[in-house]
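Me: I would like to practise reading a structure feature by feature. Could you take me through one?

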Amino acid sequence: MPDPEAKRFGALPSSSGGITRLAYARAKAAGVNADSLLKGAGITQQQVDDPAARVNVRDQIRFLNLAAEVLQDHLLGFHLAESCELREIGLLYYVSASSDTLGQALQQAARYSSIVNEGVSLKFGNGHVGFTFHYVGVSRHLDRHQMEFFATTTVRICRQLTRQHVTPLRVKLTHRRDTVSPALAEFFGDDVEFAAAIDEVIFAPPIGDLPVVSADPYLNKLLISYCEEALARRPANLGSFRSAVENAIVPLLPHGKAQAAEIAGKLGVSQRTLARRLTLEGVSFSEVLDSLKSYLAQRYLADESLSISQIAWLLGYQEVSAFTHAFKRWTGKTPREARSRATT
């Protein structure tokens with residue numbers, strides 16, 4: 001059934017579905033009922049079976065979350081990216097692999113990344129060699145596995161194209177993890193930060209000058225023309241305005257600055273326009289804020305390293321009692337009751 005939101009506000013961002021297919025194969029190999037996971041994520045079997053079929057980014061994120069839970073693999077995105085065949089990325093990989101230097105390869109990947117995934121915009125440079133990742137038309141707080149897949153794949157591509165074991169200067173990810181696992185530290189290096197203000201993978205500037213071993217300027221020129229054509233076919237208006245609002249709210253919550261005026265300023269619109277565009281999508285700012293806090297509260301409670309007082313602060317509450325009152329309104333339970341039931 002067509003998504004009514006997509007019909008009203010333009011196409012929802014889609015992906016090539018490669019990560020979905022990798023996770024589906026991993027679940028099948030583990031003896032999991034992967035078909036039921038597809039159904040739970042709103043993805044059809046035809047989308048998995050057809051390599052040319054695209055998958056809604058939001059559905060892909062939902063499928064990865066479901067698969068990770070069933071497989072009990074809290075590093076699913078990282079593990080999938082560790083072992084996948086990079087050439088399956090397709091056109092985006094080959095235009096990078098035919099570039100002269102690693103810096104040029106990363107610039108090309110940033111420009112044409114929407115061919116693979118319209119929900120994530122890659123920005124190259126700004127004084128550094130590497131990427132910052134920005135979610136477009138998709139709420140960032142829903143995801144961790146897809147982003148860890150992107151970060152891991154970025155480093156693997158750099159190593160494969162140069163045949164050198166390059167290590168990032170730093171890796172920052174906005175989602176929370178209680179600790180940096182030894183596997184992540186070994187792969188990325190020592191400077192990995194979670195709950196950061198931005199998603200990024202940054203290398204030392206000299207790495208940009210490393211030659212790409214498979215450089216082919218003639219092939220690169222040809223592939224760029226294909227990429228430009230594919231890029232021109234991508235829809236210009238993707239997803240809902242609500243997702244942009246949610247992405248602006250999350251980093252401001254702990255600082256108590258998630259007010260409508262502040263968010264409107266972040267998005268470059270007036271407060272009146274903010275309210276009007278949300279109304280067109282059937283919600284108010286207060287409803288978006290309340291729903292987002294409820295979702296994050298339940299996710300944070302699953303992280304036993306976070307105390308109730310820390311969770312209250314992350315959600316912008318100055319007093320635990322205010323958080324407790326709000327959580328009971330959302331769920332009918334206190335935060336402590338919800339946490340104890342989840343662990344029994």
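Reply: Happy to; below we go through helix faces, a surface patch, backbone angles, contacts and salt bridges. Please keep in mind that this is a predicted model.

Me: Let's begin with helix α11. How many residues does it have, and what span does it reach?

Reply: A handy first check is the distance between the end C-alpha atoms, set against 1.5 Å a residue. Helix α11 covers residues 217–232, which makes 16 residues, and it reaches 22 Å from first C-alpha to last, close to the 22 Å expected.

Me: Which residues of α11 are buried, and which are exposed?

Reply: For this step, buried means under 20% relative accessible area and exposed means over 50%. In α11 the buried residues are N220, L223, C227 and A230. They sit on the same side of α11, because they cover an arc of only 80° around the axis. Y218, K221 and A232, on the other side of α11, are exposed.

Me: What covers the buried residues of α11?

Reply: The cover includes α7 (91–97) and α8 (102–112).

Me: Where does L222 fit in, and what patch does it help make?

Reply: L222 also belongs to helix α11. With a relative accessible area of 42%, L222 is partly exposed. Together with L219 and Y226, L222 makes a nonpolar surface patch of about 270 Å².

Me: Can we try the face reading on another helix? Which residues of α13 are buried?

Reply: In helix α13 (residues 260–267), the buried ones are A260, I263 and A264. Looking down the axis of α13, you find these buried residues within an arc of 100°, so they line one face of the helix. G265 and K266 are exposed on the other side of α13. Among the elements that cover the buried residues are α12 (241–249), α14 (271–280) and α15 (285–301). Right after α13 comes G268, which has a positive phi near 75°.

Me: And which residues are buried in α6?

Reply: There the list is L76, G77, F78, L80 and A81. Their cover includes α2 (18–29), α5, α9 (145–162) and α10 (182–188).

Me: You mentioned a positive phi. Why look at its sign?

Reply: Most residues other than glycine have a negative phi, so a positive value is worth a look. Q72 is not a glycine, yet its phi is positive, about 55°. Q72 lies in the loop between α5 (57–71) and α6 (76–83), and at 75% relative accessibility it is exposed. A195 is another such case: it is not a glycine and has a positive phi of about 55°. A195 sits in the loop between β6 (192–193) and β7 (199–203), and at 37% relative accessibility it is partly exposed.

Me: How do I read contacts? With what is S14 in contact, apart from its neighbours within four places in sequence?

Reply: Leaving those neighbours out shows which other parts of the chain meet a residue. S14 lies in strand β1 (residues 14–15) and is buried, at 12% relative accessibility. Beyond its neighbours within four places in sequence, S14 is in contact with R54, V55, N56, V57, V116, N117, E118 and G119.

Me: What about L301: buried or exposed?

Reply: L301, in helix α15, is buried at 7% relative accessibility. Apart from neighbours within four places in sequence, L301 is in contact with I308, I311, F327, P335, A338 and R339. The C-alpha atoms of L301 and R336 are separated by 8.6 Å, with the two residues 35 residues apart along the chain.

Me: Last topic: how many salt bridges are there?

Reply: The count comes to 9 salt bridges, and for each one it helps to check sequence separation and exposure. E246 and R242 meet in one of them, at 3.2 Å from N to O. Both lie in helix α12, 4 residues apart, so about one helical turn separates E246 and R242. E246 is buried at 8%, while R242 is partly exposed at 23%.

Me: Which parts does the salt bridge between D290 and R329 tie together?

Reply: The side chains of D290 and R329 meet at 2.9 Å, N to O. D290 is in helix α15 and R329 in helix α17 (residues 320–331), so this pair ties together parts that are 39 residues apart in sequence. D290 is partly exposed at 24% relative accessibility, and R329 is exposed at 51%.

Conventions: Residues numbered from 1 in each chain as written. Predicted model: local features only at pLDDT ≥ 70, side-chain atom pairs only at ≥ 80, totals over all residues. Heavy atoms only, no water. Helix = DSSP H or I, 4+ residues; strand = E, 2+ residues; numbered from the N terminus. Expected span 1.5 Å × (residues − 1). Buried < 20%, exposed > 50% of the residue type's maximum accessible area, 1.4 Å probe, protein only. Arc of directions from axis to C-beta. Contact = heavy atoms within 4.5 Å. Patch = residues over 30% accessible without salt bridge, like charges linked within 9 Å, V, L, I, M, F, W, Y side chains within 5 Å. Areas by Shrake-Rupley, 256 points an atom, 1.4 Å probe, with all protein chains shown as cover. Salt bridge = Lys/Arg side-chain N within 4 Å of Asp/Glu carboxyl O.
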